[in-house]
Amino acid sequence: MKVLVSACLVGRCCRYDATARYNDAVVEALAGCEIVQTCPEVEGGLPCPRAASEMHRDGRVMSVEGYDVTEAYLHGAACAVEKAKRNGCSLAVLKAKSPSCGAGRIYDGTFSGRLVKGDGITVRMLRDAGVAVANEEEFLSTAASLLAECSTNCNVACS
């Protein structure tokens, strides 16, 4: 089974601050599955490092410097969807809280560290394309059932 995964979770230094958020538990849980890496922000054309960005209530993504970077986020999300489709990924495990990859909770757009209920742009586009999405925390608490469900739905299994 192929799983789309935020590149920062598998060690790629692609976050806004040019760091990774390697998560050995995620990588271990996906042992036997083929990991397809994505970083929608970089694939959308944003540099690394880059200014921190958050999603506002109106859906626009703004950098802490006040620049509207929504188009880059939309382009990167479209790239992630295309990559998932091209590789047959029925599941995506993405970095929590991000304006692109956050699933369930994202920062509120005020750069105050407050979280609100919501999904990032990539999460919404992947779900619209029929891909199951979980952040790394959700995935780790339900890994076995998510992998089984996605394997059943697409008739493939982890080797």
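This passage describes the overall fold, some individual residues and the two largest pockets of a predicted protein model.

The protein contains five helices and eight strands. Read from the N terminus, these elements follow the order β-α-β-α-β-β-α-β-β-β-α-β-α. The overall dimensions are easy to picture: along the principal axes, the C-alpha atoms occupy a box of roughly 45 × 30 × 25 Å. For a chain of 159 residues, a compact globule would be expected to have a radius of gyration near 15 Å, and the value for this protein, 15 Å, agrees with that expectation.

Burial and contacts add to this picture. Of the 159 residues, 47% are buried. The surface that the protein exposes comes to about 7,600 Å², and 51% of that area is supplied by carbon and sulfur atoms. Contacts across the sequence are also informative: when residues at least 6 apart in sequence are considered, 65% of their contacts join residues at least 24 apart.

Several local features can be followed on the structure above. Helix H4 spans residues 121-128, and its buried residues include Ile-121, Thr-122, Val-123 and Leu-126. After H4 comes Gly-130, which has a positive phi, near 90°.

Another helix, H3, covers residues 70-87 and holds Lys-83. Is this lysine buried or exposed? Lys-83 counts as buried because its relative accessible area is 16%, which is under the 20% cut-off. Beyond its neighbours within four places in sequence, Lys-83 is in contact with Leu-4, Val-36, Gln-37, Thr-38 and Glu-43.

Pro-49 offers a contrasting case, and its place is the loop between H2 and E3. With a relative accessible area of 54%, Pro-49 is exposed, since the cut-off for that class is over 50%. Pro-49 nevertheless has contacts with residues elsewhere in the sequence: setting aside residues up to four places away, Pro-49 touches Tyr-16, Asp-17 and Ala-18. For Ala-18, the separation from Pro-49 is 31 residues in sequence, while the two C-alpha atoms are 4.7 Å apart in space.

Turning to the pockets, the largest one encloses about 460 Å³ of space. Its lining is made up of 25 residues, and those nearest its centre are Arg-15, Tyr-16, Ala-96, Ser-98 and Pro-99. Helix H2 (40-43) and strand E3 (53-55) are the elements that each give two or more residues to this lining. Tyr-16, one of the residues nearest the centre of the largest pocket, is also among the residues that Pro-49 touches. Sorted by class, the lining of the largest pocket consists of 13 nonpolar, four polar and eight charged residues.

The second largest pocket holds about 200 Å³ of space. Its lining has 13 residues, with Met-55, His-56, Arg-57, Asp-108 and Val-116 closest to its centre. Strand E6 (105-107) and strand E7 (115-117) are the elements that contribute two or more residues to the lining here. In terms of class, four nonpolar, four polar and five charged residues line the second largest pocket.

Note on methods:
Residues are numbered from 1 along each chain as its sequence is written. This is a predicted model: local features need pLDDT of at least 70, side-chain atom pairs count only at pLDDT 80 or more; totals for chains, interfaces and linings use all residues. Side-chain values use heavy atoms; hydrogens and water are left out. On a 1 Å grid over the protein atoms alone, a cavity is a set of points where a 1.4 Å probe fits but cannot get out, and a pocket is an open set with protein on both sides within 12 Å along at least five of seven lines; lining residues have an atom within 4 Å of a point. Grid points are joined across faces, edges and corners, and a volume is the space filled by probe spheres set on the points. Helices (H or I, at least four residues) and strands (E, at least two) are DSSP runs, numbered from the N terminus. Ala, Val, Leu, Ile, Met, Phe, Trp, Tyr, Cys and Pro count as nonpolar, Asp, Glu, Lys and Arg as charged, and the others, Gly among them, as polar. The radius of gyration is taken over C-alpha atoms; the globule rule is 2.2 Å times the number of residues to the power 0.38. Buried means under 20% relative accessible area, exposed over 50%, partly exposed in between (1.4 Å probe, protein chains only). Contact means heavy atoms within 4.5 Å. Accessible areas come from the Shrake-Rupley method with a 1.4 Å probe; for residues, only the protein chains shown count as cover.
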